[in-house]
There are 2 protein chains.
Amino acid sequence: MSAPRDAVTVFAPASTGNIGPGFDVLGMALAGLGDTVHARRIPDRKVVIREIRGDNGKLPTDARKNTAGIAASKVLKLLKADAGVELILEKNIPGNGLGSSAASAIAGGFAANALFGSRLSKADLLLPCAAAEASVSGGYFLDNAAASLFGGVNVTNPETREVISLGGLAGAVIVVATPRYQLLTARSRKVVPKRVPLASMIANCSRACAIVAGVAKQDVGIFGRSIVDVVVEPARAPLIPGFAAVKRAALKAGALGCSISGAGSSVFAVTRDRETGGRIGDAMKKAFARARLDSVITVTTIDPDGARLIG
Amino acid sequence: MSAPRDAVTVFAPASTGNIGPGFDVLGMALAGLGDTVHARRIPDRKVVIREIRGDNGKLPTDARKNTAGIAASKVLKLLKADAGVELILEKNIPGNGLGSSAASAIAGGFAANALFGSRLSKADLLLPCAAAEASVSGGYFLDNAAASLFGGVNVTNPETREVISLGGLAGAVIVVATPRYQLLTARSRKVVPKRVPLASMIANCSRACAIVAGVAKQDVGIFGRSIVDVVVEPARAPLIPGFAAVKRAALKAGALGCSISGAGSSVFAVTRDRETGGRIGDAMKKAFARARLDSVITVTTIDPDGARLIG
């Protein structure tokens with residue numbers, strides 16, 4: 001709890017769902033990429049989105065259709081707030097597969113709570129914000145929402161909705177290649193196999209556990225080389241032009257591991273330092289270009305803190 | 001490395017493979033239960049088992065057919081030893097599903113190495129000892145061998161044979177109920193489904209990751225309540241008379257979680273203190289008795305150290 005404020009600025013990071021083998025289970029927050037929300041109290045008991053910047057006009061400014069507005073509304077209801085909220089969204093997420101709608105939901109919900117004295121904890125905010133995202137994305141997935149809210153790497157259980165936060169991983173450099181290629185989550189989910197061979201389940205489960213162990217031991221090597229997904233990546237790879245070549249290029253340039261970020265089309269790779277990260281990014285960009293796709297490269301780290309006030 | 005010795009005594013703990021949802025991936029060492037091996041150097045370059053105690057005459061004393069003898073042989077070969085080993089095995093493992101053959105292999109291999117100056121590391125010993133177990137049990141599984149060797153909770157990858165040791169979990173009390181009921185691993189493996197629904201894979205993977213996170217955070221609550229296996233336990237449960245009632249009784253008596261230990265027929269439960277553990281054990285014993293099975297109850301903890309010299 002803290003004093004109510006007339007205006008706040010909040011940052012909620014973008015995120016990579018699945019982290020390779022942890023389909024619907026693992027997610028990690030990405031430093032630097034994300035939503036910045038400027039929120040102020042207004043007398044009317046409603047939520048208004050005054051402006052959205054950085055989305056090229058793609059996102060709805062109708063607060064009932066935008067995850068930031070929906071989450072802010074849900075939080076105001078929980079708080080029984082006697083006033084409303086006006087939001088300005090600044091999107092800084094280069095494309096698909098980076099938890100953009102989750103970051104908006106978390107930023108909107110977190111900002112509304114902060115305006116009214118932060119009476120709800122982060123744990124309280126998770127489900128209303130995830131529900132806001134679900135009402136737009138069509139699926140109730142926690143991996144991106146938990147990462148954006150809590151930061152670091154998280155284990156989520158989509159059935160029990162339990163989240164375990166593991167914190168960040170110092171020394172891990174994440175390279176994200178985002179092609180200019182729209183891949184709808186619905187289409188990307190449709191190709192996921194309904195049944196999985198036992199050996200594939202074991203392989204993915206072992207790697208997902210190793211990713212958790214890597215974070216626990218702060219061991220970037222274990223973390224990076226465990227990004228091997230034999231279940232979902234093979235099914236989704238054909239939906240992303242050039243994916244196989246991009247992954248090959250990343251690994252050849254020194255990445256410890258590489259896979260699809262969330263439902264794609266972004267692709268991420270892990271390494272130990274920014275210099276190698278830069279080389280990996282160049283290699284991925286060239287590989288996407290050979291598939292006739294322009295792409296945006298981001299060399300970043302895991303955001304350990306998640307949603308926070310920045311003003 | 002250390003000085004060669006004429007005689008050593010080694011303890012290698014029993015273990016629980018899978019820990020519920022981590023089929024072929026997770027394992028934990030059990031304090032107190034296990035193999036004690038008295039080993040001494042003999043001039044002949046061979047391995048001899050002089051005696052086996054505590055097995056009711058069931059295990060082969062032919063060193064070429066006993067995992068302790070086979071592992072000792074493999075280690076002597078690796079060491080290019082100029083002498084042999086005589087072993088006396090003391091089994092203190094109440095029945096099936098507790099990594100008995102793995103504990104023998106680890107104890108035998110560890111003892112042979114210790115007699116010749118411990119020139120091999122634990123990491124060096126893993127694969128020869130696991131291979132010794134495989135030559136008898138018919139499958140190359142690392143979960144029990146890694147737990148017995150390294151102690152604590154381990155993540156294993158049966159394909160890459162990588163092992164990540166997470167150490168112990170202070171405060172976790174493990175209750176093991178071992179019915180007098182022979183369940184062959186081969187039969188128990190046969191019923192495991194070949195293909196798994198995606199939702200079940202996600203449920204098990206999330207729980208397995210949570211178990212790792214529970215150990216990393218030293219949180220017995222997370223660890224215990226994550227022992228939920230929707231893939232393998234339902235298939236194996238019908239092979240263990242009374243299992244459903246035993247599990248129900250354990251949970252009713254205060255267990256955080258309960259599942260089959262390894263391939264069964266032992267059943268394990270997790271709680272926070274020995275007093276509750278005693279009550280859980282009584283309840284499990286009574287439930288097995290109602291299924292007309294006598295059982296041995298062990299209330300113990302996770303062995304954090306694994307194989308070690310004790311004399």
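**Reading a two-chain model**

Tutor: Let us begin where the chains meet: the contact takes 32 residues from chain B and 32 residues from chain A, where two residues are in contact if their C-beta atoms, placed from the backbone, lie within 7 Å. This is a predicted model, in which local features need pLDDT of at least 70 and side-chain atom pairs count only at pLDDT 80 or more, while totals for chains, interfaces and linings use all residues. Residues are numbered from 1 along each chain as its sequence is written, and chains are lettered from A in the order in which they are written.

Student: Which element gives the most to the side of chain B that touches chain A?

Tutor: Helices (H or I, at least four residues) and strands (E, at least two) are DSSP runs, numbered from the N terminus. On the side of chain B that touches chain A, H6(B) gives the most, with 13 residues.

Student: How do the residues of that side of chain B divide into nonpolar, polar and charged?

Tutor: Ala, Val, Leu, Ile, Met, Phe, Trp, Tyr, Cys and Pro count as nonpolar, Asp, Glu, Lys and Arg as charged, and the others, Gly among them, as polar. On this side of chain B, 23 residues are nonpolar, 5 are polar and 4 are charged.

Student: In what sense do S8(A) and S8(B) pair?

Tutor: Two strands pair if DSSP finds at least two bridges between them. Strand S8 (residues 195–197) of chain A and S8(B) pair in the antiparallel sense over 3 bridges, and Pro197(A) stands opposite Arg195(B).

Student: Within chain A, in what order do the 4 strands of the open sheet stand?

Tutor: The order is S9-S10-S7-S11, with antiparallel pairing. Strands S9 (257–260) and S11 (295–301) of chain A stand at the edges, each with a single partner strand, so one side of each is left without a neighbour in the sheet. From one strand to the next, the twist averages 20°, where angles run from 0 to 180 degrees between N-to-C directions, and axes are lines fitted to C-alpha atoms, for helices over the stretch in contact.

Student: Which strands does helix H9 of chain A touch?

Tutor: Helix H9 (residues 243–252) packs on the sheet, touching S7, S9 and S10 of chain A, and its direction makes about 10° with that of S10(A). Helix H10 (residues 274–290) of chain A also packs on the sheet, touching S7, S10 and S11, at about 20° to the direction of S7(A).

Student: How much of chain A is buried?

Tutor: A residue is buried if 20 or more other C-beta atoms, placed from the backbone, lie within 10 Å of its own. Buried residues make up 60% of the 311 residues in chain A.

Terms used
A residue is buried if 20 or more other C-beta atoms lie within 10 Å of its own, exposed if 12 or fewer, and partly exposed in between; C-beta atoms are placed from the backbone.
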